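Q: Could you walk me through this structure, one topic at a time?

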Amino acid sequence: MTPTPPLPDPAELIVGLCRQFYDLGWVSGTGGGVSVRENGRIWIAPSGVQKERMTAGDIFVTDDEGRILRAPAREDLKLSACTPLFLHAYRLRQAGAVIHSHGMHALLATLAFDRVLRVTHLEMMKGITGLGYHDELVVPIIENTAHECDLADAMADAMRAHPASHAVLVRRHGVYIWGRDWVAAKTHAECYHYLFEAAVRMVSLGFDPAKAPHSAPRPEEARDARELVGQR
Ligand SMILES: [Zn+2]
């Protein structure tokens with residue numbers, strides 16, 4: 001049996017993820033952020049830095065209340081302005097990691113939808129915990145504010161109103177996405193970004209992403225069909 005690989009060091013993990021997310025356009029121009037929680041401690045990338053050029057020594061470590069336990073040696077680095085929003089995902093959703101992205105399709109999706117984004121019958125929905133192909137994916141959209149920290153209350157309200165969602169979109173800004181651990185958060189982030197792009201493209205092509213296709217059987221019809229085939 002293959003032994004379970006050791007968990008990566010959270011600071012090194014954040015450095016690696018930020019390099020990947022930079023290449024995807026999620027954390028360019030010093031925007032966005034990544035945080036990981038492990039054993040009651042929270043690792044957070046600093047604000048306002050080139051996210052693809054950070055080192056493990058640049059990562060802040062805080063307790064569950066966001067109080068700094070370890071600050072980077074570089075005195076010019078500041079704790080992320082996203083920290084109160086990351087803490088909501090840890091407190092309200094028991095997240096193990098949170099990704100804040102300024103991805104272009106997350107932003108465009110907030111212009112294509114009003115209060116919530118809705119899509120259905122898209123294969124990549126199956127990558128979101130709790131969802132299947134025939135379900136409806138619903139992501140709340142909150143209004144942007146001049147300062148990132150001022151989003152915290154609206155994000156908490158949206159999380160409480162949409163307990164099945166693992167993401168909150170921010171109008172003309174981006175998205176916060178979380179998961180039970182860093183692997184789930186990364187998987188969710190990849191699937192959500194794919195689905196945001198699909199939704200935006202579908203709207204621009206004249207399709208309603210929230211509408212089930214005529215040819216798609218409802219779950220009970222699919223079950224009936226399987227039973228009929230089994231009877232033959
Ligand atoms: Zn932001």
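Q: Is Cys 18 buried or exposed?
A: Cys 18 is buried, at a relative accessible area of 0%, where buried means under 20%, exposed over 50% and partly exposed in between, using a 1.4 Å probe and protein chains only. This is a predicted model, in which local features need pLDDT of at least 70 and side-chain atom pairs count only at pLDDT 80 or more, while totals for chains, interfaces and linings use all residues. Residues are numbered from 1 along each chain as its sequence is written, and side-chain values use heavy atoms, with hydrogens and water left out.

Q: And what about Cys 149?
A: Cys 149 is partly exposed, with a relative accessible area of 40%.

Q: How many disulfides are there?
A: The count is 0 disulfides, a disulfide being a pair of cysteine sulfur atoms within 2.5 Å.

Q: New topic: which residues coordinate the zinc ion?
A: His 100, His 102 and His 173 each coordinate the zinc ion through NE2, and Glu 148 does so through OE, listed twice, at 2.1 to 2.8 Å. Donors are N, O and S atoms within 2.8 Å of the metal (3.2 Å for Na, K and Ca), and sites may look incomplete because water is not among the atoms.

Q: How are those donor residues of the zinc ion spaced in sequence?
A: Their spacing is H-x1-H-x45-E-x24-H. His 100 lies in strand β5 (residues 97–101) and His 173 in the loop between β8 (167–170) and β9 (174–179), so the pair ties together parts that are 73 residues apart in sequence; strands are DSSP runs of E, at least two residues, numbered from the N terminus.

Q: Are His 100 and His 173 buried or exposed?
A: Both His 100 and His 173 are buried.

Definitions and conventions:
Helices (H or I, at least four residues) and strands (E, at least two) are DSSP runs, numbered from the N terminus.
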